Every structure is written in structure tokens, then in C-alpha cells.
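Open the model in your viewer and keep the selection box at hand. The stops below go from strand pairing to charged side chains.

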Amino acid sequence: EHWLVSLAGRFEDYSDFGNDSTLKLATRVELGSDFAARASVSTGFRAPHLAQEWFSSTATNFIGGVPFDILTFPVSNPAAIALGASSLQPEKSTNWSGGFTWNPKNSGFSASIDYYHIKINDRIVLSSNFTSAPIIALLATQGVDVSGRYVLRTSDVGKFTFTAGYNHNT
């Protein structure tokens with residue numbers, strides 16, 4: 001009665017990207033009357049949409065009074081292919097999270113802290129202008145969420161709820 005385990009699955013069939021299955025496994029364990037630990041692992045899938053497949057733009061920037069055209073090509077454009085572009089692939093991700101909750105009984109206070117890490121393969125982003133470092137660092141996201149809440153009852157029908165939160169992610 002102090003341990004919860006949940007499992008979910010989903011199957012999708014895309015006409016232009018095949019099919020994919022995603023899964024999620026989560027658990028929560030009470031570590032006493034006031035504390036609980038929780039964790040989950042899941043997979044994700046997102047097919048590219050038409051706007052990403054066919055996006056293009058042209059902008060003219062003036063640098064030292066000289067105009068430079070900044071071009072963004074769709075991946076099927078011959079110029080994009082010559083620069084190394086290839087057909088877009090669906091984004092696939094793996095997500096891990098874990099954390100703790102604290103909810104002292106009859107105190108009106110509760111708090112939680114959670115860590116998460118998301119790894120995305122084949123992320124769909126605009127490429128660099130071929131003048132900066134590789135964008136490999138953009139392929140992982142991680143962070144910490146901390147939140148707290150205090151409910152102050154002022155009468156049988158009135159209350160104030162104070163909430164604070166902090167998030168740090170990269």
C-alpha cells in the first residue's frame with residue numbers, strides 16, 4: 001500500500017514516417033508518513049511537420065555597410081544538400097526523472113525537489129551559420145525543479161496559499 005508502480009504504452013502509425021511505440025514506467029514509494037520518493041523513465045517520439053520540412057527564409061544583414069544575404073534552405077533544396085543536409089528524421093527522446101516530496105501532516109506545508117534529464121536524438125533545429133561550434137550540447141536537457149507551498153488558514157472558510165518555485169535547467 002506504500003508503493004505505486006505505473007506503466008503506460010502508446011503505438012502510433014505515421015503515413016510518412018512509419019510507426020513507433022513509446023513507453024513510460026513510473027514509481028512512487030512512501031518513505032514514512034511525511035516523505036516519498038518518485039522516479040520515472042520514458043521514451044518519446046515526434047515526427048517532423050510540414051513547416052519544418054519546407055521552411056525557408058532570406059534576410060539581408062548589413063555588416064560594415066555591406067549587404068549579406070542570410071539564407072535558410074529547406075532540407076530538400078540542392079544547396080542545402082550540398083552543405084550536408086539530409087531528410088528530416090523523427091525526434092526520439094529518452095527521459096529520466098527522480099525526486100522527493102515532503103508533506104508534514106497537519107502543517108499546511110508541502111515541498112518537492114525533482115531532477116530530470118532528457119536526451120533527444122535527431123532533434124530538429126536550424127543548423128548553424130557554419131561559423132560557430134557544433135550544436136551537440138543542444139541535444140541533452142537536464143534540470144532541477146524545487147517548489148514549496150504553505151496554506152495559512154485564517155478561518156473556517158478563508159485561507160492564504162503561498163507558493164514558491166525554482167527551476168534551473170540547461
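Start by selecting Ala37 and Phe100: Ala37 stands opposite Phe100 in β6. This is a predicted model, in which local features need pLDDT of at least 70 and side-chain atom pairs count only at pLDDT 80 or more, while totals for chains, interfaces and linings use all residues. Residues are numbered from 1 along each chain as its sequence is written, and side-chain values use heavy atoms, with hydrogens and water left out.

**Strands**

Next, select residues 35-46 and 91-102. These are strands β3 and β6, which run antiparallel and are joined by 12 bridges. Strands here are DSSP runs of E with at least two residues, numbered from the N terminus, and two strands pair if DSSP finds at least two bridges between them.

Keep β6 and add residues 109-121, which make up strand β7. β6 and β7 pair in the antiparallel sense, over 11 bridges. To see one position in this pairing, pick Gly98, whose bridge partner in β7 is Tyr115.

Now move to the turn. β6 and β7 form a hairpin with 6 residues between them. Select Asn106 in that turn; its phi is positive, about 60°.

**Salt bridges**

Switch on side chains. A salt bridge here is a side-chain nitrogen of Lys or Arg within 4 Å of a carboxyl oxygen of Asp or Glu. By this rule the count is 5, and three stops follow.

Select Lys92 and Asp20. Their side chains meet in a salt bridge at 3.4 Å, N to O. Lys92 lies in β6 and Asp20 in strand β2 (residues 18-30), so the pair ties together parts that are 72 residues apart in sequence. Which of the labels buried, partly exposed or exposed applies to Lys92? With a relative accessible area of 39%, Lys92 is partly exposed, whereas Asp20, at 12%, is buried. Buried means under 20% relative accessible area, exposed over 50%, and partly exposed in between, with a 1.4 Å probe and protein chains only.

Go to Arg46 and Glu91. This salt bridge has an N to O distance of 3.2 Å. Arg46 lies in β3 and Glu91 in β6, so the pair ties together parts that are 45 residues apart in sequence. Arg46 is partly exposed at 31% relative accessible area; Glu91 is buried at 11%.

Finish at Arg28 and Glu30. Here the closest N and O atoms of the salt bridge are 3.9 Å apart. Arg28 counts as partly exposed, at 35% relative accessibility, and Glu30 is partly exposed, with a relative accessible area of 35%.

Technical notes
Helix = DSSP H or I, 4+ residues; strand = E, 2+ residues; numbered from the N terminus.
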